[in-house]
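Colleague: I'd like a close look at one part of this model. Please take it step by step.

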Amino acid sequence: MLTKQKRDSKPKTKLVAKSVPALRMLYATQFDHTIHTLMRVLSPRSRSMMCRRFGLFGLEPHTLDAIGQQEGLTRERIRQIEDASVLAMHKSKEYQALKPEFAALEKLMLRYGGVLSVAFMESAEVFGTVAAKQSGTFLLRMSPFARHYYANPKFTERWYHKGT
């Protein structure tokens, strides 16, 4: 015969109250979980450089020169570390597991004709906030389908779908 065990009537609010703000900090945008998963394959130094370069997790984006000065390295060396980090993430099993997230990002890009201007990316229609745009920019950099073009006299800075 089974008997009911007496449950503790006090709710455990202390644990919940401490963990919710931490989760909000970690996953401030809809893409932060994906980025966090990808960055697990990087060394702490590379992870820090990538976060500063793209302005992830609430940081301001930094130029290659600024990161180089902070790290005591040349701008070219920081670019090489960035490229090696992207390659390491591309080769990881975590990247392969995140194919559905990249498919959703590709669908979003194609919804707007395969072209996203950087200014339009901050609109509520696309990413909504500066932090989400920065995270989205990082994922576009990681994606196999997007190409980045800098501003020129005829066009603003933008991302193109490789198929358009």
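Colleague: Between which helices does the loop with phenylalanine 57 lie? After that, concentrate on α9: which of its residues are buried?

Modeller: Bear in mind that this is a predicted model. Phenylalanine 57 sits in the loop that runs between α3 (44-54) and α4 (64-71). Its phi is positive, about 55 degrees, although the residue is not a glycine. Phenylalanine 57 has 31% relative accessibility, so it counts as partly exposed.

Now to α9. This helix covers residues 130-142. Start with its length. At 1.5 Å a residue, its 13 residues should span 18 Å. The C-alpha atoms at its ends are 18 Å apart, so the two values agree.

Next, its surroundings. The helix is mostly covered, with ten of the 13 residues of α9 buried. These are Ala132, Lys133, Gln134, Ser135, Gly136, Thr137, Phe138, Leu139, Leu140 and Met142. Lysine 133 is on that list of buried residues, along with the nonpolar side chains.

Take α2 as the first partner. The axes of α2 (residues 32-39) and α9 come within 10 Å and cross at roughly 50 degrees. Angles between 35 and 65 degrees fall in the oblique range, so α2 is oblique to α9. The crossing of α2 past α9 is left-handed. From α2, the contact uses Asp32, Thr34, Ile35, Leu38 and Met39. From α9, it uses Ser135, Phe138, Leu139 and Met142. By type, the residues of this contact are six nonpolar, two polar and one charged. An α-helix has 3.6 residues a turn, so residues three or four places apart point the same way.

Then turn to α7. Helix α7 (residues 99-111) packs on α9 at about 105 degrees, and the axes are 11 Å apart. An angle from 65 to 115 degrees counts as roughly perpendicular, so α7 is roughly perpendicular to α9. Phe102, Leu105 and Met109 of α7 meet Leu139, Leu140 and Met142 of α9. Here the residues are six nonpolar, with no polar and no charged ones.

Put the two contacts together. Leu139 and Met142 of α9 touch α2, and Leu139 and Met142 also touch α7. Both residues are buried.

One more residue, away from α9. Arginine 79 lies in α5 (residues 75-91). Arginine 79 has a relative accessible area of 33%, so it is partly exposed. Arginine 79 and aspartate 65 are 14 residues apart in sequence and 9.7 Å apart in space, C-alpha to C-alpha.

Terms used:
Residues numbered from 1 in each chain as written. Predicted model: local features only at pLDDT ≥ 70, side-chain atom pairs only at ≥ 80, totals over all residues. Heavy atoms only, no water. Helix = DSSP H or I, 4+ residues; strand = E, 2+ residues; numbered from the N terminus. Buried < 20%, exposed > 50% of the residue type's maximum accessible area, 1.4 Å probe, protein only. Axes fitted to C-alpha atoms, helices over the stretch in contact; angles between N-to-C directions. Parallel < 35°, antiparallel > 145°, perpendicular 65-115°, else oblique. Left-handed = near helix turned anticlockwise from the far one by under 90°. Contact = heavy atoms within 4.5 Å. Expected span 1.5 Å × (residues − 1).
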